Amino acid sequence: MATDVSATYPPPSDFAAQAHVKSMEQYREQYQQSIDNPEAYWAEVAADSHFFEKWSRVLEWNPPFAKWYVGAKTNMSYNCLDLQIERGRGDHPAIIWEGEPAEADGTPKDQRTLTYSQLRDEVCKFANALKAQGIKKGDRITLYMPMVPELAIAMLACARIGAPHSVIFGGFSAQAIADRLQDADSHVVITADGGWRRGNVVPLKANVDEACGMVGNVKKVIVLKRCENEIAWHDERDVWWHDVVADASTDCPAEQLDAEHMLFLLYTSGSTGKPKGILHTTAGYMVYTRHTTKNVFDLHDDDVYWCTADIGWITGHSYIVYGPLQNGVTNVMYEGAPNFPDWARFWQICQRYKVTKFYTAPTAIRAFMKQGESFCGQCDLSSLKLLGTVGEPINPAAWTWYHKHIGGERCPIVDTWWQTETGGIMISPLPGAVPTKPGSATLPQFGIDAAVVDAQGNEVDANETGLLIVRKPWPGMLRGVYGDEARYRKQYWSTIENAYFTGDGVRRDEDGYFWIIGRVDDVIKVSGHRLGTAEIESALVSHESVAEAAVIGYPDEITGEAVAAFVTLKGDAQPGNDLEETLRKHVATTLGAIAKPKTVRFTEGLPKTRSGKIMRRLLRELATTGRIEGDITTLEDLTTVAKLRESES
Ligand code: PRX
């Protein structure tokens with residue numbers, strides 16, 4: 001059946017009736033107040049959070065540097081745990097976790113439930129253990145762990161004592177860990193022997209060992225036993241998680257931290273080869289994630305909420321750990337792959353725990369769609385009330401499939417646009433208020449002054465494409481790039497005067513709805529994961545056979561974008577399938593499997609402008625259409641295009 005791309009889906013009336021924001025009028029009114037008087041708005045919102053000491057000023061804005069809730073003292077871990085217990089949620093499940101190993105029919109072999117009180121006990125024990133290991137407020141702690149409750153426990157323990165965490169996605173390799181350890185000057189790593197992924201053990205500890213060999217600054221490695229795989233042990237450096245918590249007390253008062261105390265660093269890709277440490281602080285991020293989680297997912301006390309992201313990405317930070325726990329709901333957490341042992345696993349989990357709010361990535365939806373309806377069709381999905389997507393544009397066909405086969409045509413879909421840098425959701429429907437259009441993230445969240453402008457910063461007309469900017473500071477915004485103020489200014493605050501530049505291209509329709517087109521810089525999104533072309537290129541040229549490399553993203557049916565690499569070889573290196581496979585593997589070992597090029601093409605030269613810039617546009621055209629027909633007048637050496645054309649045929 002053809003997809004009706006012009007369809008509009010109003011909020012179901014029974015959903016709207018119980019929602020926090022019930023109508024478009026209510027949304028518009030509240031939005032206007034938040035834009036007209038942001039400080040009053042954010043002061044009122046913050047009143048629902050716990051502060052040891054109140055702020056003296058809501059916002060101090062010295063562009064591009066913002067301070068929110070100036071002078072306040074608070075603690076994120078307290079707000080996620082103690083505050084919930086004080087509100088009577090102590091015996092309520094905070095985390096329902098399922099490990100990956102399962103019987104052939106999907107019955108899990110590992111399950112755990114932690115109530116808010118039990119979670120606080122575990123967090124306090126681990127926080128005390130960290131202190132006993134000599135860790136102090138301000139020390140940056142690196143976490144490289146599987147999706148197990150201990151990852152959330154470790155983050156909350158760090159937050160409790162004021163030691164900022166830097167979580168590294170478990171799919172990254174040793175070199176990527178080493179780079180991040182060094183940049184953060186982090187001396188402590190928390191990891192596990194291994195983690196389960198599609199039935200295999202990911203050798204996390206071995207990767208950490210290798211990374212520690214590359215940098216000299218790691219003094220302590222705390223190791224959780226998860227897979228019982230064999231690992232190397234360094235007596236002077238390594239300690240077991242279970243040993244350090246064995247005698248630790250369950251009493252650890254939360255540190256009263258300054259509102260602008262660093263809560264975490266999260267490394268992400270940009271346009272250069274070096275990943276940047278995006279810096280988030282305590283109070284603003286806390287208030288912003290709580291508020292957006294409540295509004296966008298329309299959370300109520302009895303919700304069972306499941307976000308399928310990995311905690312190694314910002315989605316997991318904001319919408320698995322900090323946002324949902326601050327709202328006191330039950331959080332489902334799953335360790336492994338969506339197709340283990342088969343493609344029914346996600347839907348079995350929804351059925352098993354009666355998930356009400358479900359948040360995933362378009363790439364996963366497209367992968368499920370390809371498998372057909374037999375997997376989701378065998379599960380009872382009637383508990384679902386709302387569906388969400390994040391990380392990349394969702395094509396209308398995937399949207400309507402999700403709506404029909406997962407949401408039973410009764411669940412509103414929230415397509416949420418945001419970034420590592422924004423800390424929380426920026427553009428998304430409020431499910432009880434805003435009619436949705438498949439493929440559009442719709443309208444801005446409260447307090448978010450988003451606009452579409454041309455390169456000079458002038459707002460463009462409806463339905464014209466432009467750059468997505470944000471004109472006012474918001475509490476969840478990044479506070480900087482760790483150790484690199486110049487990069488912070490240049491990357492985000494210099495493209496358009498007096499505005500935050502997102503790096504995304506966008507169009508706004510006649511109803512003011514935002515339609516995100518994608519990145520306008522050298523960032524590509526593979527399965528919603530953010531990768532920098534420059535990082536992959538530098539991984540390729542670190543191989544002995546490679547002289548030069550150019551990497552582009554091109555459309556892919558399932559992963560949204562895929563990586564194509566164009567490579568020129570050194571002297572006597574021989575192109576061929578073997579070398580292609582070697583180079584793909586080389587990228588996987590240097591950066592991680594997610595960065596592996598889908599195709600590697602060998603060429604005698606790369607198309608460059610006279611000033612030496614690689615003309616990625618031509619490479620993209622070749623990878624996408626198999627042809628180069630675009631304008632090549634600025635090309636330095638016309639024969640390279642002829643050769644590229646030949647290499648294609
Ligand atoms: O290009 C946009 C895309 O993901 C980028 C941010 O990536 P990252 O920092 O990894 O954060 C992803 C999870 C929040 C954005 O610049 N993006 C994110 N959400 C959407 C999206 N593109 C279209 N629609 C979305 N809903």
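This note comments on the ligand site, two helix pairs and three backbone features of the structure.

1. The coordinates are those of a predicted model. The points below should be read with that status in mind.

2. The ligand is surrounded by 17 residues, of which Asp-415, Thr-416, Thr-420, Asp-504 and Arg-530 come nearest. By class, the residues of this shell comprise 6 nonpolar, 5 polar and 6 charged.

3. Polar contacts to the ligand involve both backbone and side-chain atoms. A nitrogen atom of the ligand lies 2.8 Å from a backbone N or O atom of Thr-416, a residue that is also among those coming nearest to the ligand. For Pro-393, a polar backbone atom is 3.5 Å from a nitrogen atom of the ligand. Gln-419 contributes through its side chain, a polar atom of which lies 2.9 Å from an oxygen atom of the ligand. The ligand taken alone exposes 540 Å², and the protein buries 96% of that area. Helix H12 (314–326), strand E20 (413–416) and strand E25 (514–519) are the elements that give two or more residues to the shell around the ligand.

4. Turning to helix packing, helix H3 (residues 38–46) and helix H11 (residues 283–296) have axes 10 Å apart and pack at an angle of about 80°. H3 is therefore roughly perpendicular to H11, since angles of 65 to 115 degrees are counted in that class. On the H3 side the contact consists of Tyr-41, Trp-42, Val-45 and Ala-46, which meet Val-287, Tyr-288, Arg-290 and His-291 in H11. The contact of these two helices has 6 nonpolar, 1 polar and 1 charged residues.

5. A second helix pair is formed by helix H14 (residues 362–371) and helix H16 (residues 396–406), which pack at about 70° with their axes 10 Å apart. At this angle H14 and H16 are therefore roughly perpendicular to each other. From H14, the residues Ile-365, Arg-366, Phe-368 and Met-369 meet Ala-397, Ala-398, Trp-401 and Tyr-402 in H16. The class count for the contact of H14 with H16 is 7 nonpolar, no polar and 1 charged residues.

6. Two cis peptide bonds deserve inspection. One joins Pro-63 and Pro-64, with omega about 0°; Pro-64 is in the loop between strand E1 (57–62) and strand E2 (65–70). Another joins Phe-340 and Pro-341, with omega about -5°. Pro-341 is placed in the loop between strand E17 (330–334) and helix H13 (345–353).

7. The backbone at Arg-198 also calls for comment. Although Arg-198 is not a glycine, its phi is positive, at about 50°. Arg-198 lies in the loop that runs between strand E9 (195–197) and strand E10 (200–202).

Terms used: Residues are numbered from 1 along each chain as its sequence is written. Side-chain values use heavy atoms; hydrogens and water are left out. A residue is near a molecule or strand if one of its heavy atoms lies within 4 Å of it. A polar contact is a pair of N or O atoms within 3.5 Å; within protein, one must be able to donate a hydrogen and the other to accept it, and residues adjacent in sequence count only if both atoms are side-chain atoms. Accessible areas come from the Shrake-Rupley method with a 1.4 Å probe; for residues, only the protein chains shown count as cover. Helices (H or I, at least four residues) and strands (E, at least two) are DSSP runs, numbered from the N terminus. Ala, Val, Leu, Ile, Met, Phe, Trp, Tyr, Cys and Pro count as nonpolar, Asp, Glu, Lys and Arg as charged, and the others, Gly among them, as polar. Axes are lines fitted to C-alpha atoms, for helices over the stretch in contact, and angles run from 0 to 180 degrees between N-to-C directions. Angles under 35 degrees count as roughly parallel, over 145 as roughly antiparallel, 65 to 115 as roughly perpendicular and the rest as oblique. Contact means heavy atoms within 4.5 Å.
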